[in-house]
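Biologist: I would like to go through this protein with you and hear the reasoning behind each label. Could you start with the words for surface exposure?

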Amino acid sequence: MPLKLKIKRRLLARSDRVKSIELHPTLPWMLVSLYSGRVYIWNIESKQIVKTLEVCDLPVRTARFVSRKNWIITGSDDTYVRVFNYNTLEHVIQFAAHLDYIRSIAVHPTNSLILTTADDGIIKLWDWEKKWVCSQIFRGHTYLIMQVLFNPKDNNQFATASLDRSVKVWQLGSPVPNFSLKHERDVNCLDYHPGGDKPYIVTGEDGGTVRIWDYQTKSCVQTLQVHSKDVNAVVFHPSLPIILSGSTDGTVRIIHSNTYRLENSLNYGLERVWAIGCHQGSNNIAIGFDEGSMIIRLGQEEPAISMDSSGKIIWAKHSEIQQANIKAMADQEIKDGERLSLAVKDMGSCEIYPQTISHNPNGRFVVVCGDGEYIIYTAMALRNKSFGSAQEFVWSSDSSVYAVREGSASVKIFKNFKEQKSFKPDFGAEGIYGGNMLGVRSVSGLAFYDWESTELVRRIEITPKHIFWSENGELVCIATEDSFFILKFSAAAVEHAKEAKDKVTEDGIEDAFEVLTEIEEAVRTGVWVGDCFIYTNSVNRLNYYVGGEIVTIAHLDRVMYLLGYIPKDNRLYLGDKELSIVSYSLLVSVLEYQTAVMRRDFDTADKVLPTVPREQRTRVAHFLEKQGFKSQAMAVTCDPEHKFELSIQLGDLRTAYELAKETQSDQKWKQLAELAIRRCEFGLAQECLHQAHDFGGLLLLASSAGNRDMVSKLGEAAEKAGQNNVGFLSNFILGKCEECLETLINTGRLPEAAFFARTYLPSQISRVVSLWKTNVTSINKKSADSLADPTEYENLFPGLREACKAEQYLKPQREKVLPAAAYAKIPSNSERNPVDEMKQAEDSGRFVYADPVSRDEENDDDNFEEALEAAPKTPPPKKEEHKEPHPPTPVTVLPSKPEPVVTPTSPLPKQPSEPVTAKQPLEPVATKQSAEPVTAKQPSEPVATKDLVEDLEKEFELDLEDIEELDAADMNLDEDDLLQD
């Protein structure tokens with residue numbers, strides 16, 4: 001059977017003729033030297049050129065990385081060796097090394113040495129620690145030397161290929177070769193076998209011949225005529241059992257290094273092949289052509305490794321099988337993410353090249369699959385138990401049952417190493433998957449079959465990459481290229497459908513699977529622990545999924561593959577392609593608790609919870625929250641932030657209040673206030689808003705409750721706290737236009753104050769304009785002079801006198817307090833004309849306008865009032881606010897009908913004769929009941945309305961007596977009332 005190799009092209013870089021190519025040992029870089037004299041470094045992942053070197057005008061035939069020095073060393077046709085720093089592109093050194101074209105450079109793996117060969121037939125050894133002195137010259141070839149290479153198993157030995165039809169093997173310290181390997185034609189290239197089991201050299205010569213030599217016996221092991229023209233490059237792959245050769249016929253041949261069978265031939269149409277490069281630990285192959293370079297990936301990156309439930313690990317290193325046991329580290333401290341120091345035991349060599357290794361469910365047997373064959377061994381002693389042909393091999397959940405796919409048409413099922421059944425899926429078999437049911441991938445999608453009867457259970461239109469079954473067979477993860485699905489399998493539905501045949505369609509049983517969720521994440525490897533699915537993804541994160549929640553366990557620094565989970569150790573184990581094993585802690589108690597919750601087994605969950613460490617309980621609480629168990633989550637969580645959020649969601653005012661007091665966070669107090677308002681706990685809401693210093697919220701609460709005293713005191717407190725916006729709005733709501741004007745003046749908002757006075761307090765315009773002009777004069781006197789004062793330019797302010805009269809007429813009404821019940825009886829402001837009302841009152845004698853007095857007279861009045869206050873037994877007259885003159889008592893006449901009220905937020909309506917006064921504001925106008933003196937003729941309000949008003953006042957009464965020093969003692973926080981929904 002042929003070697004199963006996946007070939008994927010990763011990079012195509014068009015360029016001039018490539019003369020040498022190499023991959024960086026650690027970075028994703030490809031080094032290319034060109035016939036044009038340039039050197040490029042390509043990033044394989046980004047597919048971009050990251051470095052460019054203009055070396056010379058002649059061909060650069062060889063370039064090599066020296067990663068430990070961050071160097072690139074080049075050899076070119078101008079006979080110079082040049083050294084560059086590939087990070088800074090600094091030119092480190094250059095020197096003339098030969099008398100002719102330099103063909104090849106080899107870097108010693110550990111020492112500060114390089115070998116150079118040229119068309120002068122000489123090999124030279126250079127030491128960069130000794131200032132690039134030529135330490136030794138080797139002579140023995142009679143013609144051009146095409147390549148030189150150190151022996152990876154003996155670094156003091158190297159070999160050269162020459163056009164004198166020989167390969168010579170040399171020793172450092174000896175100027176003459178140890179021996180020669182004679183060829184029939186010119187030799188262009190060579191490579192050493194990387195493994196220690198075979199002392200082989202592979203060579204490529206003119207005419208298309210590839211030869212394999214044993215350099216210990218100095219004999220030719222195999223001769224392969226694989227090309228039609230000269231072979232220019234040949235390499236042993238460092239990890240796969242293949243030889244790659246490139247020729248001027250434009251092809252790359254892939255040859256099995258054990259059977260020497262031609263496995264594949266690649267031709268990308270880029271003309272002649274000049275160089276091939278690869279390195280240990282990667283399946284990337286770099287190929288240089290006449291028209292550019294290319295990166296392909298051979299085989300699979302995932303290592304052949306498996307671990308059973310007890311912690312025994314078996315892996316393949318080339319064809320060698322090795323074993324390690326986690327139990328042997330019982331006394332050692334294991335840290336998350338650190339490589340485990342395992343004692344490795346060699347179990348022997350496998351007859352085939354292992355591409356996959358897997359234990360059966362009980363761990364007694366292990367199967368090795370590769371080269372189109374499978375071999376089942378005993379896990380303890382690696383004794384051969386069974387074998388056969390197979391492209392793929394999978395185990396059932398029953399340890400004695402397995403299936404193989406030999407081709408694309410049929411699948412065979414075995415039990416106890418004997419063939420039980422063979423069947424042909426309806427749409428072929430491109431891949432098979434094991435587990436609770438046998439999965440078969442075909443062109444039509446995925447089909448699940450019963451292991452015993454091979455009957456179709458369900459066909460799903462999906463192209464899976466991996467399938468993972470849980471241990472109890474109830475849950476299955478189907479992973480595609482870019483997402484994964486969690487499905488629930490119903491065995492009862494399958495049994496019921498078998499009895500009722502009408503429920504079985506051509507696509508199987510519809511109720512067999514229920515899709516639980518789809519996650520847009522690519523799964524690389526995975527394993528189920530209970531109902532928790534643990535997996536590694538494409539961005540190197542170790543996560544687990546349970547109940548709709550994805551939890552990240554660790555961020556991995558490289559590609560890792562899950563091996564399994566050992567519950568008694570509470571640890572996950574992973575391996576990489578270098579067969580390094582690492583571990584991460586994952587508490588089994590957490591997984592058991594989450595699994596019990598998912599199965600709605602709350603008795604078990606309650607028993608497991610005490611075993612969950614305190615530091616893990618917040619994670620458990622988040623899981624419970626996502627499952628909808630918020631009250632349980634609040635009881636479990638140890639995070640105060642999380643607990644507060646849950647208490648808000650649950651409406652638990654008491655818990656939220658206690659947590660808010662502990663943290664004293666403004667944000668928490670605001671959240672709690674919002675909840676308290678929704679629950680009609682206005683006292684608690686008031687305290688929370690006060691604690692949060694949320695004056696805006698307090699204003700909303702006070703105005704919504706209709707509490708005039710609260711709004712008034714809030715305005716005073718806001719102004720003292722510098723919250724001028726809230727202070728202004730509080731006064732404005734109460735109709736205290738004078739206080740609003742003073743707030744604007746005190747905060748330096750003089751333009752706004754002038755317009756406010758023009759709208760609501762026309763008698764104050766002159767004073768504010770004077771202040772405004774004084775302020776503007778310090779900035780721009782011309783602008784200040786353009787401001788007109790009504791006392792000086794009365795002609796510019798038509799209707800101002802009527803506006804002043806309206807202000808004085810409305811002021812007594814504005815100071816009246818009306819109950820909310822009167823709102824329905826008051827006409828809207830748009831229906832009123834306060835100037836007309838003022839004129840009607842003036843004509844009827846109900847209103848007499850008093851001219852404003854001067855500042856001096858006003859001060860005299862103030863002094864007179866102070867004297868009256870000091871006089872004994874004399875009641876003091878009421879002092880007017882804002883130092884305005886006390887107007888004479890207007891003549892009040894009972895009107896024939898009630899007068900409407902105008903709020904201070906509306907401007908004065910336009911007078912017919914004076915259009916300018918349309919912008920004049922008006923003050924609230926009292927209704928008949930509020931404007932009249934209390935006389936026998938005043939009608940009383942209905943009793944029902946009066947009672948309603950009293951009830952509303954009691955319901956919305958909020959105490960703000962001590963708003964500046966408010967604490968919990970001032971609030972009614974009775975638990976029964978507070979927590980009542």
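Modeller: Gladly! A residue is called buried under 20% relative accessible area, exposed over 50%, and partly exposed in between. Please keep in mind that this is a predicted model.

Biologist: Then what makes R38 partly exposed?

Modeller: R38 has a relative accessible area of 33%. Partly exposed is the range between under 20% and over 50%, so R38 is called partly exposed.

Biologist: And why is E54 called exposed?

Modeller: The relative accessible area of E54 is 54%. The cut-off for exposed is over 50%, so E54 counts as exposed.

Biologist: How do you know that E54 and R38 form a salt bridge?

Modeller: The N to O distance between their side chains is 2.8 Å. A salt bridge needs a side-chain nitrogen of Lys or Arg within 4 Å of a carboxyl oxygen of Asp or Glu, so the pair of E54 and R38 qualifies. E54 sits in strand β5 (residues 48-54) and R38 in strand β4 (residues 38-43), 16 residues apart.

Biologist: How many salt bridges does a search of the whole structure find?

Modeller: The search finds 25. Another one of them joins the side chains of D77 and R61, at 2.6 Å from N to O. D77 lies in the loop between β7 (71-76) and β8 (80-85), while R61 belongs to strand β6 (residues 60-66).

Biologist: Are D77 and R61 buried or exposed?

Modeller: Both D77 and R61 are buried.

Biologist: What makes the salt bridge of D336 and R571 a tie between distant parts of the sequence?

Modeller: The side chains of D336 and R571 meet at 2.4 Å, N to O. D336 is in the loop between β31 (320-325) and β32 (345-349) and R571 is in strand β56, so the bridge ties together parts that are 235 residues apart in sequence.

Biologist: Which exposure class does each of these two partners get?

Modeller: D336, at 44% relative accessibility, counts as partly exposed. R571 has a relative accessible area of 10%, and the limit for buried is under 20%, so R571 is buried. There is also a network: salt bridges that share partners join R17, R272 and D290.

Biologist: R571 is in β56, you said. How do you know that β56 and β57 pair?

Modeller: Two strands pair if there are at least two bridges between them. Strand β56 (residues 571-575) and β57 have five bridges, in the antiparallel sense, so they count as paired. R571 itself has S585 in β57 as its bridge partner.

Biologist: What makes β55 and β57 edge strands?

Modeller: β55 (561-566) and β57 (581-585) each pair on one side only. The open sheet has three strands in the order β55-β56-β57, with antiparallel pairing. On average, neighbouring strands here are turned by 25° against each other, direction ignored.

Biologist: How do you know that β16 pairs with β15 and with β17?

Modeller: The threshold is again at least two bridges. Strand β15 (residues 154-162) shares six antiparallel bridges with β16, and strand β17 (residues 179-182) shares four antiparallel bridges with β16. V169 in β16 is the bridge partner of A159, and V169 also stands opposite F179 in β17. Between β15 and β16 the hairpin has three residues, and R165 takes a positive phi near 65°.

Biologist: What makes β16 mostly covered?

Modeller: Five of the six residues in β16 (residues 166-171) are buried. Helix α2 (residues 588-598) is mostly covered too, with nine of its eleven residues buried. Among them are V588, L591 and Y593. After α2 comes R600, whose phi is positive, near 60°.

Biologist: Finally, why are α14 and α15 called roughly antiparallel?

Modeller: Helix α14 (residues 750-760) and helix α15 (residues 765-777) pack at an angle of about 165°, with their axes 9 Å apart. Angles over 145 degrees count as roughly antiparallel, so that label fits α14 and α15. Their crossing is left-handed.

Conventions
Residues are numbered from 1 along each chain as its sequence is written. This is a predicted model: local features need pLDDT of at least 70, side-chain atom pairs count only at pLDDT 80 or more; totals for chains, interfaces and linings use all residues. Side-chain values use heavy atoms; hydrogens and water are left out. Helices (H or I, at least four residues) and strands (E, at least two) are DSSP runs, numbered from the N terminus. Axes are lines fitted to C-alpha atoms, for helices over the stretch in contact, and angles run from 0 to 180 degrees between N-to-C directions. Buried means under 20% relative accessible area, exposed over 50%, partly exposed in between (1.4 Å probe, protein chains only). Angles under 35 degrees count as roughly parallel, over 145 as roughly antiparallel, 65 to 115 as roughly perpendicular and the rest as oblique. A crossing is left-handed if the near helix is turned anticlockwise from the far one by less than a right angle, and right-handed if clockwise.
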